[in-house]
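Work through the exercises below with the sequence and the model side by side, and try each task before reading its solution.

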Amino acid sequence: MLLSIVVSFLLPSLSVAAGSPPGPPRRDPLHIPVLRRRHVPRDGDAILDHYANLAAGLRGKYNYDRRVSRRDDISITNQGSDTSYFAPVSVGTPPQIFDLDLDTGSSDLWFATTDCTACGRAPELDPTKSTSLQVQNVPITMKYGSGAASGLVAQDTVSMGPFTINPQIFAAVNDLSGNLIDGKLSGIMGLAFQGIARTRAVPFWQALINDNSLTNPEFSFFLTRFVNNPNAMAEEPGGVFTLGGRNTTFFQGDIDFQSFTLPPGGGSFWLQTISSVTVNGKKINIGNTNTAVIDTGTTLIGGPTAAVNAIWGAVPNSVPLTGNMAGLFTFPCKTQVTVSISFGGPPWPINVADMNLGPVRNGQCLGGIFDINPVAKTKPQPGLPVWIVGDTFLKNVYTVFRADPPAVGFAQLSAAAGA
């Protein structure tokens, strides 16, 4: 839009006394056109972000609120051909910077420390080098599907991108078991809700909302794909993690939000209900209980025994594995497995590349959906999810995690996101 504003500079007339030298000649008013070009977005969400930023800027300009809310895009790294996605986080005074796994399936923040004897080659937080670190004599253990992390509760200044929480409570880890972290990873940033945090701390993202630091009470992910790419390095560009909103560059069309209810006390995962699954165009019987956690910290998709058996039963010549590999399935590498999942809205297709994790033996390839409980066959505890929907699915959509009202939204990826 082009606006033209006319500004008149009126030069005051000067009285000239008799006999005095003549002054400068009077001039007509000078009219100077002032032009302003500004692109105002037309998309609904972009319009909201645009004017929310303008309002926040004015509040800051006139000192109504020096904590200007904002949204920021944080570049993330794809580790191990879609195994995990991490971003840099700083802690302490002066700041020490570490790469942390971004995990919407847990709520605790922790760093491996120099006191850890089982942390391998992970870069470690040195408690002696932060003048603001406070370590409490409170032991803590956080259990995950692939291991556990133990240490002491601590607090210090923590920053990510332009955002800072001071103090932020976290775990200073001095012992690890299993394969929780690898390569450059130094810990995990949990992005689920406070109620399931073993440290009982307010997660970093929730603290930013409470501090009025975010434009909107949400965060979003675009994740890249390098699975089965023979040229992929150990670390590749991983996409974008947006705190405080969403990045319209990476999706097109509407975001399909499906809300869920937080239990009393606010302790919860990011939950959805799987309403249907199709395999090669055929609807699969997945039963009646299909609560799912949306988990960026999980590589694959895990589901209940009967549903997973039905999914692979629809793929000719698929084979269940046994022993230590029980719960996983293989299928002929020449077969393209097309799967779509719906959460009460439109079906979201999974790229065939994400369903094929690569060859194992005898012309068979490993599948991207596994049985979450193949051996124990125990019934899930009431209220706990029976599906874990990880990156095998999330690479195929733009995902928005909204805190208020609680919801998860999916949108179709744009051309800029490689769709």
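**Exercise 1: the setting of K395**

K395 sits in the loop that runs between α5 (391-394) and β27 (398-402), where helices (H or I, at least four residues) and strands (E, at least two) are DSSP runs numbered from the N terminus. The model is predicted, so local features need pLDDT of at least 70 and side-chain atom pairs count only at pLDDT 80 or more, while totals for chains, interfaces and linings use all residues. Residues are numbered from 1 along each chain as its sequence is written, and side-chain values use heavy atoms, with hydrogens and water left out.

Task: determine whether K395 is buried or exposed, and which residue its side chain joins in a polar contact.

Solution. Begin with accessibility: K395 counts as buried because its relative accessibility is 6% (buried means under 20% relative accessible area, exposed over 50%, partly exposed in between, with a 1.4 Å probe and protein chains only). Then turn to the side chain, which is joined to that of D354 by a polar contact of 2.7 Å (a pair of N or O atoms within 3.5 Å; within protein, one must be able to donate a hydrogen and the other to accept it, and residues adjacent in sequence count only if both atoms are side-chain atoms).

**Exercise 2: F393 in helix α5**

Task: find which residues F393 touches, not counting those up to four places away in sequence.

Solution. First place F393 in helix α5, and note that F393 is buried, with a relative accessible area of 0%. Then list its contacts (heavy atoms within 4.5 Å): F393 touches I301, I341, F343, W348, I350 and F410.
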